[in-house]
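Student: Please choose one part of this protein and take me through it closely, following how it connects to the rest. I would like each term explained when it first comes up.

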Amino acid sequence: MKSIKVTDVGSLKNELNKYKKGKKLDIRYFNQAARMAWLGKISMSPVDAEDPGCQAWLLHVQAPEGFVAHFVDTDEDLINEIHILDAEQGEYLAEIMREGMAARAQDLQDLNRRDFYFGKFFKTDASKPAEGSEPSAS
């Protein structure tokens, strides 16, 4: 953990200003965090909700589990720490999380309306061979 000398007030103010601004994740980490955001596997909170000048975000990325873990790679450094993001990347991750949630909700609504029975048991005439004819061996 990083230590800050409390006797030097200027140094303390500089460190606090860094936290208020946050910092950007590098491209690789941002893409990994964005994938997990799309899946709804991140938690974000303002660094200081009472300070209107502080627009940085605290970010925690959950490790992928189960089926997702077989396909989505995340670095240990990304999931083992709480990151302080700048306002721009925080907003983008929140937007990606909303898009992912909307897409997953749409998939579930489509699934709820889908009729599997008729599609499997009642084929169209074009897909069936005519009675008495042999299927062609092409």
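**Around Leu58 and its strand**

Tutor: Leaving aside its neighbours within four places in sequence, Leu58 is in contact with Ser43, Met44, Ser45, Pro46, Val47, Ile82, His83 and Ile84, where contact means that heavy atoms lie within 4.5 Å. The model is predicted, so local features need a pLDDT of at least 70 and side-chain atom pairs count only at pLDDT 80 or more, while totals for chains, interfaces and linings use all residues. Residues are numbered from 1 along each chain as its sequence is written, and side-chain values use heavy atoms, with hydrogens and water left out.

Leu58 is found in strand E2, which covers residues 57–61; helices (H or I, at least four residues) and strands (E, at least two) are DSSP runs numbered from the N terminus. Leu58 counts as partly exposed because its relative accessibility is 30%; on this scale buried means under 20% relative accessible area, exposed means over 50%, and partly exposed lies in between, for a 1.4 Å probe and protein chains only. One of its contacts, His83, is 25 residues away from Leu58 in sequence, yet their C-alpha atoms are 5.7 Å apart in space.

The strands on either side of Leu58 can be followed through their pairing. E2 pairs with E1 in the antiparallel sense over five bridges, and with E3 in the antiparallel sense over four bridges; two strands are said to pair if DSSP finds at least two bridges between them. Towards E1, Met44 stands opposite Leu59 in E2, and towards E3, Leu59 stands opposite His83, while His60 stands opposite Ile82.

E3 itself, residues 82–85, has side chains that alternate: His83 and Leu85 point to one face and are buried, whereas Ile82 and Ile84 point to the other face and are not. E3 also takes part in the largest pocket, and gives the most to its lining, with four residues. This pocket has a volume of about 420 Å³, and of its 14 lining residues, Tyr19, Lys23, Ile82, His83 and Ile84 lie nearest its centre. The elements that give two or more residues to that lining are helix H1 (9–21) and E3. A pocket is an open set of points on a 1 Å grid over the protein atoms alone, where a 1.4 Å probe fits and there is protein on both sides within 12 Å along at least five of seven lines; lining residues have an atom within 4 Å of a point. Grid points are joined across faces, edges and corners, and the volume is the space filled by probe spheres set on the points.

E2 leads to the nonpolar core as well. The largest such core has 16 residues, and those with the most contacts inside it are Leu25, Phe30, Ala33, Ile42, Leu59, Val61 and Leu93; a nonpolar core is a set of buried Ala, Val, Leu, Ile, Met, Phe, Trp, Tyr and Cys residues joined through side-chain atoms within 4.5 Å. Helix H2 (27–38), E2, helix H4 (76–79) and helix H5 (87–113) are the elements that give two or more residues to this core, and the largest share, six residues, comes from H2. Val61, with its neighbours within four places left aside, is in contact with Ala33, Met36, Lys41, Ile42, Leu78 and Ile79.

Ile42 is also in contact with Met97, a residue of helix H5 that is partly exposed because its relative accessible area is 22%. In the same helix, H5, we find Gln89, which counts as buried because its relative accessibility is 9%. Outside its neighbours within four places, Gln89 is in contact with Lys23, Lys24, Leu25 and Phe30.

Finally, Asp51 is found in the loop between E1 (42–46) and E2. Its side chain makes a polar contact with the side chain of Lys20 at 2.9 Å, and the Asp51 side chain also reaches the backbone nitrogen of Gly53 at 3.0 Å. A polar contact is a pair of N or O atoms within 3.5 Å; within protein, one must be able to donate a hydrogen and the other to accept it, and residues adjacent in sequence count only if both atoms are side-chain atoms.
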